[in-house]
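Here are some exercises to work through with the model open beside you. Try each task before you read its solution.

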Amino acid sequence: MAEHVDVLIIGAGLSGIGAACHLRRAFPQRTYLLLESRAALGGTWDLFRYPGIRSDSDMYTLGYRFKPWLGEESIADGSAILGYLRETAAEYGVDRRIRFRHRVIRAEWSSVDSRWTVHAERTDTGENVTFTAGFLFSCAGYYRYDAGYTPEFPGAERFAGSIVHPQFWPEKLDCAGKRVVLIGSGATAVTLAPALTAQGAHVTMLQRSPSYIISAPSRDRLALTARRVLPVRAAYALARAEYVAISTALYQFSRRNPAVMRKRIHGWQRRWLPAGYDIHTHFTPRYEPWDQRLCLARDGDFFRAIRHGMLDVVTDRIETFTDTGLRLASGATLEADIVITATGLNLQVFGGVELVVDGAPVRPSATMAYKAMMLSGVPNFAFVIGYTNASWTLKADLVSEYVIRLLKHMDEHGYVRCVPVRDPSVGAQSLFPGFTPGYVRRSESLFPVQGDRAPWRLRMNYLRDVFTLRYGRIADGAMFFERAPRRAEAAARD
Ligand SMILES: Cc1cc2nc3c(=O)[nH]c(=O)nc-3n(C[C@H](O)[C@H](O)[C@H](O)COP(=O)(O)OP(=O)(O)OC[C@H]3O[C@@H](n4cnc5c(N)ncnc54)[C@H](O)[C@@H]3O)c2cc1C
């Protein structure tokens with residue numbers, strides 16, 4: 001017999017744990033389970049173990065709305081974030097509802113039974129396990145856990161040193177006194193470079209093209225002072241409001257005045273970098289601020305490492321690996337003991353789970369996302385994909401709140417099925433409009449599209465989403481609801 005729950009959550013990372021806590025708070029009597037393919041909770045914050053791993057957004061908004069972040073630092077280490085997630089899961093008893101080592105493979109919706117049948121594989125024994133659920137909530141993140149993205153580098157097999165991808169950091173890798181070439185210019189490279197220099201490595205960050213990098217303080221004096229004088233929840237709410245306001249204003253200003261923002265960033269960097277540094281070559285991207293996420297240097301650590309002569313930035317292309325390092329398109333060579341490929345992630349939709357609705361396989365890219373959290377034609381299903389311009393959790397919390405409201409609405413009206421039905425007059429556009437990093441461009445075609453108008457469109461704007469998802473109407477004309485068919489009707493249909 002398959003085990004049945006009211007809500008089945010796929011993934012026990014930040015989103016899944018948050019979703020389960022929301023459910024637990026709203027419906028203490030409802031049954032739910034989390035299926036997690038790994039042996040531990042925490043997702044991203046448990047998987048990534050490279051030196052210096054930390055958030056690059058503030059913890060007041062990367063933290064859950066319902067659980068104040070009490071750490072001293074607003075930009076926190078991965079281990080502190082993992083501790084926060086474990087504590088939250090324990091506080092709400094969610095940790096006891098996780099089935100570890102259960103990788104969800106396929107989920108089949110039956111309109112006759114108004115339920116999902118979910119097939120998982122035990123990653124330890126290979127056994128197949130089946131569950132049924134009234135509602136399926138995908139909190140499986142957005143990338144593959146089994147493989148990072150590494151482009152084909154000619155001659156890589158000749159290199160005598162180690163080649164390491166940050167997603168699979170060897171526990172015992174010793175970088176002290178080593179020449180490290182770090183390929184990449186994204187958030188991971190910007191985090192890793194100063195952390196490796198702190199271990200005594202000399203690091204050369206080799207980038208094909210530059211990113212925007214700005215310094216941000218690791219501690220927020222206003223938030224810490226508020227904590228001393230206000231009750232914990234009020235201080236947390238204040239700090240969240242501060243960060244939402246700052247990040248929204250910064251984003252909106254950057255999008256409207258890219259030239260001013262570019263100039264501003266350039267001015268800051270002139271202060272942080274040694275006199276005469278070639279900012280134009282190494283720190284002036286070809287894209288506008290926020291076409292990709294800004295990279296943060298915690299307390300300016302990245303720039304300090306450059307000033308101390310422990311970190312060089314080289315902007316060039318790799319021609320080939322050699323036995324002892326890399327030869328570049330310019331003809332220059334870089335000698336290395338260790339090469340780190342901070343070249344990114346492989347995106348994946350809904351944890352690679354195959355969705356089937358009444359016998360027909362669902363191709364996510366052929367569906368339209370409803371409020372960027374449900375799929376046209378897929379009943380009783382929601383997913384979390386966080387913001388690209390703000391903390392992931394801001395969105396994850398809102399999606400969970402919306403699912404709670406949706407389930408309550410269904411209870412009140414006796415509905416067993418809800419499904420967004422696509423309106424052919426709504427135009428289609430990317431789920432990530434104007435967001436252009438390589439990992440998104442490589443995989444965008446795997447994702448659902450979104451619409452050109454509400455409720456099929458979301459604008460990556462938290463304040464707007466608060467109105468739509470927290471307060472907006474549930475029965476909005478695009479979402480269809482159905483009561484359970486009467487027994488006789490169901491029998492006649494069979
Ligand atoms: C290095 C790094 C740094 C980041 N820093 C930030 C930051 O500072 N701010 C920010 O907002 N975002 C950041 N992000 C994005 C980050 O992924 C999110 O903040 C957040 O952790 C996502 O949580 P999640 O639970 O949705 O996904 P994940 O953390 O990816 O967790 C998904 C979970 O689902 C499980 N799972 C997946 N597929 C299946 C399946 N088929 N069956 C069962 N289980 C499955 C996985 O094993 C995992 O445990 C960062 C990402 C990376 C890689």
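**Exercise 1: a pocket and its lining**

By class, the lining of the second largest pocket has 14 nonpolar, seven polar and eight charged residues. Nonpolar here covers Ala, Val, Leu, Ile, Met, Phe, Trp, Tyr, Cys and Pro, charged covers Asp, Glu, Lys and Arg, and polar takes the others, Gly among them.

Before going on, note that this is a predicted model, where local features need pLDDT of at least 70 and side-chain atom pairs count only at pLDDT 80 or more, while totals for chains, interfaces and linings use all residues. Residues are numbered from 1 along each chain as its sequence is written, and side-chain values use heavy atoms, with hydrogens and water left out.

*Task.* Work out how much space lies in the second largest pocket, and which helix gives the most to its lining.

*Solution.*
- Step 1: settle the term. On a 1 Å grid over the protein atoms alone, a pocket is an open set of points where a 1.4 Å probe fits, with protein on both sides within 12 Å along at least five of seven lines; lining residues have an atom within 4 Å of a point.
- Step 2: get the volume, meaning the space filled by probe spheres set on the points, which are joined across faces, edges and corners. The second largest pocket holds about 680 Å³.
- Step 3: look at the centre. Of 29 lining residues, Ala 216, Tyr 243, Ile 246, Leu 250 and Leu 296 are the closest to it.
- Step 4: sort by element. Strand S11 (213-216), helix H7 (232-256) and helix H8 (258-272) supply at least two lining residues each, and H7 gives the most, with five. Helices (H or I, at least four residues) and strands (E, at least two) are DSSP runs, numbered from the N terminus.

**Exercise 2: ring pairs**

*Task.* Decide whether the pair of Tyr 60 and Tyr 243 is stacked or edge-to-face, then do the like for Phe 432 and Phe 447.

*Solution.*
- Step 1: use the cut-offs. Rings of Phe, Tyr and Trp (its six-membered ring) pair if their centres lie within 6.5 Å; planes under 30 degrees apart are stacked, over 60 edge-to-face, and the rest tilted. The structure holds 29 such pairs.
- Step 2: Tyr 60 and Tyr 243 are 5.6 Å apart centre to centre with 20° between the planes, which makes them stacked. This pair joins helix H3 (residues 59-62) to H7, across 183 residues. Both tyrosines are buried, that is, under 20% relative accessible area (exposed is over 50%, partly exposed in between; 1.4 Å probe, protein chains only).
- Step 3: the Phe 432 and Phe 447 centres are 5.4 Å apart and the planes stand at 80°, so this pair is edge-to-face. Phe 432 is buried at 7% relative accessibility, and Phe 447 is buried at 4%.

**Exercise 3: backbone oddities**

*Task.* Find which peptide bond is cis, and say whether Asp 358 is buried or partly exposed.

*Solution.*
- Step 1: recall that most residues other than glycine have a negative phi, and most peptide bonds are trans.
- Step 2: the bond from Ala 454 to Pro 455 is cis, with omega near 0°. Pro 455 sits in the loop between S26 and helix H13 (462-471).
- Step 3: Asp 358, though not a glycine, has a positive phi of about 45°. Its loop runs between strand S19 (354-357) and strand S20 (360-361), and at 46% relative accessibility Asp 358 counts as partly exposed.
- Step 4: Ala 372 also has a positive phi, about 55°, but Ala 372 is buried at 9%.
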